Amino acid sequence: MNSKKTALVLFGHGARDPQWAEPMKRLQQMLRDRLPGSPVELAFLELMAPSLPDCVGQLTADGVTHIQIIPIFFGKGGHLKNDFPVLMDQLRQAHPSVHVEATSAVGQWDAVWLAIADEITRQTLLPLA
């Protein structure tokens with residue numbers, strides 16, 4: 001058995017309306033179904049809880065030694081360019097014995113855009129050339 005305990009954190013912006021998080025909760029459940037035994041958590045930049053530092057702190061307290069953060073952002077704006085790198089540095093300093101890494105934002109993944117384009121094509125009533 002692998003002695004390294006790994007967790008995924010889906011990291012989103014957050015919103016005042018709690019329904020905003022519903023798609024992220026659906027994604028979280030899909031991943032939990034595919035990765036039984038691996039923690040898959042949600043964290044938010046602002047307006048919702050838990051914050052990314054709180055989430056990582058809890059996972060670390062639970063014995064997780066490797067945390068992979070997946071930014072659920074479509075555009076690479078100021079939050080990803082400026083705020084996120086600072087947060088990542090703070091997390092690494094606060095938890096030096098834990099390997100904390102991040103993927104690129106999902107909006108940078110060609111496969112995500114291809115899946116969206118495929119679904120739009122499937123859903124549309126427009127004739128395709």
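Two strands count as paired if DSSP finds at least two bridges between them. Strands are DSSP runs of E, at least two residues long, and helices are runs of H or I, at least four long, all numbered from the N terminus. The model is predicted: local features need pLDDT of at least 70, side-chain atom pairs count only at pLDDT 80 or more, and totals for chains, interfaces and linings use all residues. Residues are numbered from 1 along each chain as its sequence is written, and side-chain values use heavy atoms, with hydrogens and water left out.

**Stop 1: β3.** Select residues 66-71. Five of the six residues are buried (under 20% relative accessible area, 1.4 Å probe, protein chains only), so β3 is largely enclosed by the rest of the structure.

**Stop 2: its partners.** Add β4, residues 99-102; four bridges pair it with β3 in the parallel sense. Ile-69 stands opposite Ala-102 there. Now add β1, residues 6-12, which runs parallel to β3 over six bridges. Find Phe-11 opposite Pro-71.

**Stop 3: the whole sheet.** Bring in β2, joined to β1 by five bridges, also parallel. Leu-10 has Leu-42 as its bridge partner in β2. The open sheet reads β2-β1-β3-β4. β2 (40-44) and β4 stand at the edges with a single partner strand each, so one side of each lacks a neighbour in the sheet.

**Stop 4: the helices.** Select α3, residues 78-94; with β3 and β4 it makes a right-handed β-α-β unit (strands pointing away from the viewer, the path from the first strand over the helix to the second runs clockwise). End on α2, residues 52-61, which lies across β1, β2 and β3.

Note on methods: Buried < 20%, exposed > 50% of the residue type's maximum accessible area, 1.4 Å probe, protein only. Contact = heavy atoms within 4.5 Å. Axes fitted to C-alpha atoms, helices over the stretch in contact; angles between N-to-C directions.
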